[in-house]
Amino acid sequence: MSGENRPPAGADADGPADGGPPEQLALIRETVRKAKAPRAKPRTWRGAALAKELPVARIVVNKGVLHLDRYFDYAVPEELDETAQPGVRVRVRFGAGSGQVRDGRREGGRLIDGFLVERLATSDYTGPLAALADVVSPEPVLSPELLALARAVADRYAGSLADVLQLAVPPRSARAESRPSPAPLPPPAAPEPGSWTRYERGPAFLESLARGGAPRAVWNALPGPSWAEELARAVAATLASGRGALVVVPDGRAVARMDAALTAVLGEGRHAVLTAEAGPEKRYGQWLAVRRGAVRAVIGTRAAMFAPVRDLGLVAIWDDGDGSHSEPHAPQPHARDVLLLRAAHDRCGFLLGSLSCTVEAAQLVESGWAAPLVAGREQVRAAAPRVRTVGDEQLARDEAARAARLPSLAWEAVRDGLRTGPVLVQVPRRGYVPRLACERCRTPARCRHCAGPLEAPEQQELRCGWCGRGAPDWHCVECGSVRLRAQVVGARRTAEELGRVFPSVPVRTSGRDHVLDTVPGRPALVVSTPGAEPVAEGGYAAALLLDGWAMLNRPDLRAGEEALRRWIDAASLVRGQGEGGTVVVVAEPTLRPVQALVRWDPVGHAQRELAERAELGFPPVSRMAAVAGPVDAVLGFLASAPLPPDAEILGPVPLPVVRPGGPTRPGDPPAGESWERALVRVPPGSGAALAAALKQAQASRSTRGPVPPIRVRVDPPDIG
DNA sequence: AGCACGCCGACT
DNA sequence: GTCGGCGTGCTC
């Protein structure tokens, strides 16, 4: 299906996937030590009895601090010899105070958790080794594969191994560990291709998996509910080859659908579900069943991306554009990139599926690393609804629309739809912040120097949100207009008024705090925020996508892609145009994402976005990192970081101050403090050097005295 | 981050 | 002499 297994562009093409170079300081110190004293047999305080074979244990300690991101050697006491095997959890004394001996025990170190990485005959460390305090449990939870993956993720995101391990290995539950896992089942028969026949290379993809191959594909799924079953068949094909499979989906609803689909295709007992919802003990039990090889297929939300599946044959991610694939805990890895690293490392199959298409997905195809898995146009036309647009000019001319606050085309679509079934109305969430755009043609206003988004904070001077330079003489590059606008629309009110326009029809709502899973096929108005749309029995007769303008003008590089994804996701719940399914989107028909929706061409949209990002030096073609903190600290940090010569620093610019007691998001500065943020941008190929530099600067920073806090994030998701 | 060591000034 | 200030450096 695709060529040899070189690493994917944009993922780890420019990063050492296997460990990375040792830091220079450590290297020098190591050399000096070796010169002074050759490898020593371990001596412990007071010479307690040690294991006879391989008396040294290499430990990774559970401390996320970056200057402790290396291994520490400990002596293995005789009584722990048997259980102290690679991969087990251990407790060790760790901390300052070397050389304090009292009663034959070393004092001063605190007991902390860690993992045993390997057993060795000798240590490079010249001092006397402390002894392992305890082996927590004989369960080898950290396999060499998982360790290598965690190392690669830490390097890619300028984070520490310990932080990644915290995400990758769930907390222990002794009860779950003591329960035996079920006996593994023999591989099932290869499945029929089913609805994969709708895709040109679908059956071939399944056959390759079933034969033990490692095909890699970016799959643009046809609208409708079949994707879960199709993913389940890909899993089944992989199991048939005697290998394991892993599927990561964005949320609990998608997990439930995959769970049902896998049960239908494979029967009971062949797959594990890894979600946080299950509670720690149950989750650890499932995780253990996977690690022990009792279960070979895994589905779950993002934490499952590290699932220790044995003999991995396929990693798959569904809807990679969904924000919940981004891990909020340090170092904030994205499930797509973790799975890319796994695919490259384990040389297994890779499947990225979505109804829509991200720029990153397009890049995987563009670079040749993955093959496109798409349906022909006639399949798309049959499955997708008819899409019509209502632009602002049309809206302005439409007297009836102004009076009723509803364009007549939209009114007709709702009225006609309600004759045969439910009608979906999508309204943007409140809190969507539109960004500045040309008043006439709606082209986003960008900085002349770095192409960042322009902002006018609190009616102040117009300036760039990235580099902070002012833009007093801005004019639109497309049409020459000098006027800007930012519009916040009364979306909810419009939806409420819809209910008044159709008083005899029940109105149901689905949103953040109250999400409906399904609605019956009877006529009803279903008002929903993006992502919370219920599935309608038999499909919606029509959908109304309101206030596209607000969706498209958020101050985010992904605004267009995200709006299109939200629209496609909603429109995919509508019947195909053969059955009369109609979608009306209220947005300017000349805009690229709107046109892509009308043509139902998310892949083409992503390809054009990718070309543009390459031209403007935007991620994912370039790689960026964000450095946030008090302005002096940010500047000092950047000055001390050994950035690659091709790195470009944008800003810093002030971040919005969080009001005490106000809403906070992870990553926000502490309430009341004024922080600034700089962006560091490097061209393709320098991503690994950037991450290494940021890591080193963080490590040397924390060794010297109390320092003001700094937040570093590789691949920040919210750059304007 | 902790935590201990060490090299300087005021105290019993 | 020796108690303890916190500046500096290490953690197997």
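**Close-up 1. Helix H6 and the glycine that follows it.** In this predicted model, Gly 242 lies just after helix H6 and takes a positive phi of about 85 degrees. The helix itself spans residues 227-240, and its 14 residues reach 20 Å from the first C-alpha to the last, close to the 20 Å expected at 1.5 Å a residue. Because 12 of the 14 residues of H6 are buried, the helix is largely enclosed by the rest of the structure. Among these buried residues are Trp 227 at the start of the numbered range, the charged side chains Glu 230 and Arg 233, and Leu 239.

**Close-up 2. Helix H5 and its packing partners.** Helix H5 covers residues 202-210, and its buried residues are Gly 202, Pro 203, Phe 205, Leu 206, Ser 208 and Leu 209. These buried residues pack against H6 and against four strands, namely E8 (216-220), E12 (312-318), E13 (349-354) and E14 (371-373). After H5 comes Gly 212, which has a positive phi near 95 degrees.

**Close-up 3. The open sheet of 7 strands.** The strands are arranged in the order E10-E11-E9-E12-E13-E8-E14, with parallel pairing. Strand E10 (271-274) and strand E14 form the edges, each of them pairing on one side only, and from one strand to the next the twist averages 20 degrees. Within the sheet, strand E9 (residues 244-248) is joined to strand E11 (residues 297-300) by 4 bridges in the parallel sense, and Val 248 stands opposite Gly 300 in E11. Helix H8 (residues 280-291) packs on this sheet, where it touches E10 and E11, and its direction makes about 140 degrees with that of E10. Helix H9 (residues 335-346) lies across E9, E12 and E13, and runs at about 160 degrees to E12.

**Close-up 4. The open sheet of 6 strands.** Here the order is E15-E26-E25-E16-E23-E21, and the pairing is again parallel. Strand E15 (386-389) and strand E21 (507-510) stand at the edges with a single partner strand each, so one side of each is left without a neighbour in the sheet. The twist from one strand to the next averages 20 degrees. Strands E16 (residues 423-426) and E25 (residues 542-545) run parallel and are joined by 4 bridges, with Val 425 opposite Leu 544 in E25. Helix H17 (residues 559-571) packs on the sheet and touches E16, E25 and strand E26 (582-585), its direction making about 165 degrees with that of E16. Helix H18 (residues 592-599) lies across E15, E25 and E26 and runs at about 150 degrees to E15.

Definitions and conventions:
Residues numbered from 1 in each chain as written. Chains lettered and ligands numbered in written order. Predicted model: local features only at pLDDT ≥ 70, side-chain atom pairs only at ≥ 80, totals over all residues. Heavy atoms only, no water. Pairing = 2+ DSSP bridges. Helix = DSSP H or I, 4+ residues; strand = E, 2+ residues; numbered from the N terminus. Axes fitted to C-alpha atoms, helices over the stretch in contact; angles between N-to-C directions. Contact = heavy atoms within 4.5 Å. Expected span 1.5 Å × (residues − 1). Buried < 20%, exposed > 50% of the residue type's maximum accessible area, 1.4 Å probe, protein only.
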